[in-house]
Each structure stands twice: as C-alpha cells, then as structure tokens.
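Here is a short report on one chain. Please keep the sequence and the structure open while reading.

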Amino acid sequence: MNRERAIGTSVTRLHTFEDPDNEVYKKGRAGYSIDELIREFHDRFKRRRVVYGNLFLAEGINTIWIAISGGVFTPFDSANAHIGVGDGTAAPDYAQTGLLGTNKYYKSMDVGYPTFGTDRKATYRSTFGGTDANFAWNEWTVANGNSDAAINMNRKVESLGTKTPGSTWILTVELIIG
C-alpha cells in the first residue's frame, strides 16, 4: 500500500547584536531585513545561528485542520502571532501546550510578519530588545497569543545561549509542511 506523507519541520535563525541604545531593536521591530541590519550595524553584530527541526504540537496541528475546514479559530497572523522563548529543557512532546520553563516571554511579530503562501511555509519573526527575555533561551514556540494559554503551533528545545541586558536578539522561525 502506498502512503502519502507530509512532514512538518522548521528552520530557525537567530541573529544577535549589542544594542545599548536600542537602535537595532527599533529597526528590527519596524521590519528592516536582517541583511540591512547587519550592513548598518556591522560593528554590533555578534552572531548568527541556524537550527533545524521542531515538533509540531497536537493543538497546533488540530488548529490547522480547523482552519482548513472553515472552523472558528484565532489566526496566527500579524495581530495575534507571537514567538515565545523560555528556559525549559524538558523534551518536546505532542501533548504539550506551551513553554515549560520557569522563565518565558512571548513577543509579537515584527512589521511585515508573518509571511506565508509560498514555498509550503509560514515565516514568523520577533525582535527582542535590551530588556526583553534576559535569561537562557532553551526552548521556543510560535503561538497565536502572548501566553501559554494561546494555541502553540510547535515547540523546539535546544540551547541558543543566554540573552543579556543591552542586547537585541532577532528570532526568525520558518514552519514548513511538505
């Protein structure tokens, strides 16, 4: 018997900057491209990290089916979507419904995000400024609200480092089904 198979995955990109005056933060939130930010603030750019893979959560998958079938749901759009980061290290499981760490922070989308409708993916981006989420980033999610009470589409567990005051971190999450 032949089976059709769809696989969900992700590509996450982290870009970090020293940003004592919040200039990178302001332009990141305004939707400037990563390339523009690196060009303008090349002396403040610290690192780029790319991470592959994630786990789509049951509540996120069920919401995809609700959306496709014409049901009522809160969209993962520019008004509602957030990227959440936390310090949890528990292995991901389909039944989870949010971040599991003690410290967690949900940030709304940058201007122009999410993008979707091509290449079998949706791309979400949030810029975290100098006073946002200053703790170890060990987990992240895309949610349709600003807390664990929202629907979380996915969860990834992997250490990205510890964000400190005066730094701006930009997290871009591409969720792909193909």
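## Helix H3

In this predicted model, the face of H3 turned away from its buried side carries Trp65 and Ile68, both exposed. Which residues of H3 are buried? Within this helix, residues 58-68, they are Glu59, Gly60 and Thr63. These three lie on the same side of H3, because they cover an arc of only 100° around the axis. The general rule fits here: an α-helix has 3.6 residues a turn, so residues three or four places apart point the same way.

Just after H3 comes glycine 70. Its phi is positive, about 85°.

## Overall layout

The chain has three helices and 10 strands. Read along the sequence, their pattern is β-α-α-β-β-α-β-β-β-β-β-β-β. The C-alpha trace spans about 55 × 35 × 30 Å along its principal axes. The radius of gyration is 16 Å. For 178 residues a compact globule would come out near 16 Å, so the chain agrees with that expectation.

Buried residues account for 46% of the 178 residues. The exposed surface of the chain is about 8,900 Å², and carbon and sulfur atoms supply 51% of it. Take the contacts between residues at least 6 apart in sequence: 75% of them join residues at least 24 apart.

## The five-stranded sheet

Five strands form an open sheet. Their order is E3-E9-E8-E4-E5, and the pairing is antiparallel. Which strands form the edges? They are E3 (55-56) and E5 (104-108), and each pairs on one side only.

E4 and E5 run antiparallel and are joined by five bridges. Histidine 82 stands opposite serine 108 in E5. E4 also pairs with E8, again antiparallel, over five bridges. There, glycine 86 faces glutamate 139 of E8. Glutamate 139 also stands opposite valine 157 in E9. E8 and E9 (residues 154-162) pair in the antiparallel sense over four bridges.

## Strand E4

How many of the five residues of E4 are buried? Five of the five are, and the strand is mostly covered. His82, Gly84 and Gly86 point one way from E4. Ile83 and Val85 point the other way. In a regular strand the side chains alternate between the two faces of the sheet.

Ile83 has a long list of partners beyond four places in sequence. Among them are Tyr105, Tyr106, Lys107 and Met109. The list also includes Tyr124, Arg125, Ser126 and Phe128. Thr141, Val142, Leu171 and Val173 are further contacts of Ile83.

## Nonpolar cores

In soluble globular proteins, nonpolar side chains tend to be buried together. The largest nonpolar core of this chain has 23 residues. Those with the most contacts inside it are Ile83, Val85, Tyr124, Trp137 and Leu171. The elements that give two or more residues to this core are E4 (82-86), E7 (121-128), E8 (136-143) and E10 (167-177). E10 gives the most, with four residues.

Apart from this core lies another one, of seven residues. Val24, Leu37, Phe41 and Ile170 are among its members.

## Two positions in strand E7

Threonine 123 and lysine 121 are worth taking in turn. Threonine 123 is found in E7. Is threonine 123 buried or exposed? Threonine 123 has a relative accessible area of 8%, so it counts as buried, the cut-off being under 20%. Leaving aside neighbours within four places in sequence, threonine 123 is in contact with Tyr113, Pro114 and Thr115, and also with Thr172, Val173 and Glu174.

Lysine 121 is found in E7 too. Its relative accessible area is 25%, so lysine 121 is partly exposed, a class that lies between 20% and 50%. With neighbours within four places set aside, lysine 121 touches Thr115, Phe116, Glu174, Leu175 and Ile176. Thr115 and Glu174 thus appear in both contact lists, that of threonine 123 and that of lysine 121.

How far apart in space are lysine 121 and threonine 12? They are 12 Å apart, C-alpha to C-alpha. In sequence, 109 residues separate lysine 121 and threonine 12.

Definitions and conventions: Residues are numbered from 1 along each chain as its sequence is written. This is a predicted model: local features need pLDDT of at least 70, side-chain atom pairs count only at pLDDT 80 or more; totals for chains, interfaces and linings use all residues. Side-chain values use heavy atoms; hydrogens and water are left out. A nonpolar core is a set of buried Ala, Val, Leu, Ile, Met, Phe, Trp, Tyr and Cys residues joined through side-chain atoms within 4.5 Å. Buried means under 20% relative accessible area, exposed over 50%, partly exposed in between (1.4 Å probe, protein chains only). Contact means heavy atoms within 4.5 Å. The arc is that of the directions from the helix axis to the C-beta atoms. The radius of gyration is taken over C-alpha atoms; the globule rule is 2.2 Å times the number of residues to the power 0.38. Accessible areas come from the Shrake-Rupley method with a 1.4 Å probe; for residues, only the protein chains shown count as cover. Two strands pair if DSSP finds at least two bridges between them.
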